[in-house]
Structure formats: C-alpha cells, structure tokens
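Here's a quick briefing on a single chain. Have a look at the model first, then read on.

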Amino acid sequence: MKKCFPIIFLALMVLVPKSVFGYSVSPGIIDLESELGGVIQGQFSVINSSDIDETLYLSTKSFSASENDGVPEFGEASSINEFANWITFESSSFQAVSHSKTEMPFTVTVPGTAPAGGYYAAILVSQAPSEIVATNGATIHATIAILCFLTVNGDSVESLEILSVDSSFDGISSTLSGDISLTVQNQGTIHMVPDGEVVVEDVFGRQIYTKEINETSGRILPASKRTFSVSYLENEVGGYWSQIKQQANTLAIGPISVTSKIVYGSENNEIYGAITPIPTI
C-alpha cells in the first residue's frame with residue numbers, strides 16, 4: 001500500500017463529528033464477509049442536513065492501523081490485491097438533495113486468488129473529486145470516511161498475544177487508585193475484537209476491583225498492537241460517607257495482584273496476563 005500526504009487529515013476526519021460538514025454518513029463502520037471469488041453488495045446512507053443541494057463524490061483508499069492507538073492510517077491502493085480496488089459504485093458522483101437521505105449501494109468483487117483473511121478499506125464521501133482531494137489539503141476537511149472491514153473466509157489465523165500489563169498502583173497505600181494498561185498484539189491474519197476484563201485482588205484472593213476492557217469494541221488489525229486502559233479514581237466518589245464506604249471496599253490487605261483475561265475469535269479463545277504483586281498496607 002502506497003502511503004499518501006493526506007494521512008493526518010483523513011485520520012482527523014474519522015474522529016470529528018460527521019455532521020460538521022453539513023452532511024453525514026451512516027454507518028461509520030461496515031463489516032463484510034465473502035467467500036473466495038465472491039461478489040457481495042453493500043449500502044450506506046448519506047444525509048444532507050444543509051439548506052442547499054450538494055454534489056458529492058465517491059472514492060476509496062486503503063488503510064492500516066497506527067502502531068499503538070488504532071487510529072487509521074490511509075494510503076493509495078497500489079495493488080489489485082488491495083480491498084480498496086475491489087469496491088465499485090454505480091457512479092463516482094451523485095446529487096444529495098437538501099434535507100434528504102440518499103441510499104448509496106456499492107459492490108465488492110473478491111478475486112479468486114485473494115488469500116483468506118482480513119482486508120481493510122475506506123469509502124470516502126467528499127465535496128470534491130478524489131484527484132483534487134489528493135493534491136489539495138484544504139479540501140480534505142470536506143471528506144468523510146466509512147471504514148470497511150472485509151473477512152474472506154478460508155484458512156485464516158486467529159491469534160492474539162498479551163505483550164504487557166502495567167499499573168500505576170506502585171506505592172504503599174491504604175486504598176486502591178490508579179491506572180491499568182493492557183497492550184495486545186494481533187499475530188494472526190484477520191482483525192479481532194477482543195473482550196475481557198482486568199481484575200485486582202488482595203493477598204487473600206478478594207476481588208477489590210473488576211473492569212471490562214474494550215467497551216467501545218475496538219478492532220486490532222493483523223500485525224498491529226493496541227493498548228487498552230482502565231482507571232480507578234478514588235476522587236470520583238462523592239460525599240464523605242460514600243468515600244468511607246468506597247475505601248472500605250477497596251482496602252487492599254497485603255500485596256495486590258493485577259490479572260487480565262482476553263477472549264477473542266470464533267472459538268472464544270482465552271489468554272491471560274498478570275503483573276508482579278504490588279505492596280500495600
């Protein structure tokens with residue numbers, strides 16, 4: 001995949017509210033599944049909330065995940081084997097009437113030679129043709145990206161590994177307060193949406209704190225890693241007696257331990273991570 005200059009602008013446009021442009025798209029993420037050599041149909045909606053008609057343009061780009069935060073990095077598709085080149089539209093432009101919703105179909109044609117696994121592309125909806133967007137950073141702000149995740153069925157590899165579990169519970173304290181971060185790497189050939197939790201226990205095995213990870217259902221793309229963080233902040237508890245009760249519930253007796261369990265894949269595989277016991281009062 002050939003990276004291009006507007007990567008930062010494209011990443012930003014995914015994160016800002018889509019309605020700021022006067023038009024929006026739905027959904028923002030599309031999941032697709034196909035057999036080898038399959039032809040599948042998809043659809044998304046474009047809502048024009050402005051008072052004027054808009055001529056909008058459609059194009060595609062490849063994307064990958066950034067090293068550690070999951071923010072998409074966009075680039076031009078340089079090979080016929082890239083998903084962005086498998087997506088076609090009935091037309092590269094359309095008229096979005098003021099205060100209306102337009103349904104936009106698209107077709108994905110998967111080559112018979114494509115290996116099984118996960119593929120990633122973005123559909124771009126813009127107020128300017130793609131060749132102008134590619135050369136003019138100013139017009140990129142009028143572009144919205146829909147992230148598309150395609151699974152080509154076959155002999156895919158589902159494999160996640162916990163690289164590290166870290167905690168800021170690193171001092172002598174009578175109460176529990178701090179952050180836990182969990183870094184997970186995708187060593188397979190298909191994107192994964194991990195589930196699981198972190199658990200803090202005292203020396204007697206009493207669960208002091210339990211928190212789910214990945215509550216936003218974030219994906220980890222192949223050959224990338226992602227850090228999930230959870231926090232416990234004692235000052236979030238309101239009122240004197242509420243704080244006393246919370247401190248009693250989270251009073252750590254002896255060294256505490258932090259463990260994590262990740263569940264992923266079609267077979268609900270489980271992996272575990274832990275850190276060395278942390279001294280407390």
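How many bridges join strand β2 to β4, and do they run parallel or antiparallel? Strand β2 (residues 23-26) and β4 are joined by 4 bridges and run antiparallel. Strands here are DSSP E runs of at least two residues, helices are H or I runs of at least four, and both are numbered from the N terminus. Bear in mind that this is a predicted model, where local features need pLDDT of at least 70 and side-chain atom pairs count only at pLDDT 80 or more, while totals for chains, interfaces and linings use all residues. Residues are numbered from 1 along each chain as its sequence is written, and side-chain values use heavy atoms, with hydrogens and water left out.

**The chain overall**

- The secondary structure adds up to 3 helices and 18 strands.
- The chain has 281 residues, and 46% of them count as buried; buried means under 20% relative accessible area, exposed means over 50%, and partly exposed is in between (1.4 Å probe, protein chains only).
- Take the contacts with a separation of 6 or more: 73% of them are between residues 24 or more positions apart, a contact being heavy atoms within 4.5 Å.
- About 13800 Å² of the chain is exposed, with carbon and sulfur atoms supplying 52% of that; the areas come from the Shrake-Rupley method with a 1.4 Å probe, and for residues only the protein chains shown count as cover.

**The sheet around β4**

- Strands β2, β4, β9 and β7 line up in that order in an open sheet of 4 strands with antiparallel pairing; two strands pair if DSSP finds at least two bridges between them.
- The edges are β2 and β7 (87-89), each of which pairs on one side only.
- From one strand to the next, the twist averages 30°, using axes fitted as lines to C-alpha atoms (for helices, over the stretch in contact) and angles from 0 to 180 degrees between N-to-C directions.
- Between β4 and strand β9 (residues 100-109) there are 10 bridges, in the antiparallel sense, and V39 sits opposite T109 in β9.
- On the β2 side, S26 stands opposite S45 in β4.
- β7 and β9 also run antiparallel, joined by 3 bridges, and T88 has T107 in β9 as its bridge partner.

**N48 and V25**

- N48 belongs to strand β4 (residues 39-48) and counts as buried because its relative accessibility is 1%.
- A polar atom of the N48 side chain lies 3.0 Å from the backbone oxygen of I52.
- Leaving out residues up to four places away in sequence, N48 touches a set of residues including G22, Y23, D53, A96 and H99.
- V25 is in strand β2 and is buried too, with a relative accessible area of 9%.
- V25 and N48 are 23 residues apart along the chain, and their C-alpha atoms are separated by 8.9 Å.

**How far to trust it**

- The mean pLDDT of the chain is 79, and 70% of the residues score at least 70; pLDDT is the predictor's confidence in each residue, from 0 to 100.
- Among the elements, β7 has the highest mean pLDDT (97) and helix α1 (residues 7-15) the lowest (41).
- Residues 2-19 stay under 50 in pLDDT, and the model gives that stretch 42 contacts beyond four places in sequence.
- Residues 234-241 are below 50 as well, with 6 contacts in the model beyond near neighbours in sequence.
- Where pLDDT is low, don't read the predicted coordinates in detail.

Technical notes. A polar contact is a pair of N or O atoms within 3.5 Å; within protein, one must be able to donate a hydrogen and the other to accept it, and residues adjacent in sequence count only if both atoms are side-chain atoms.
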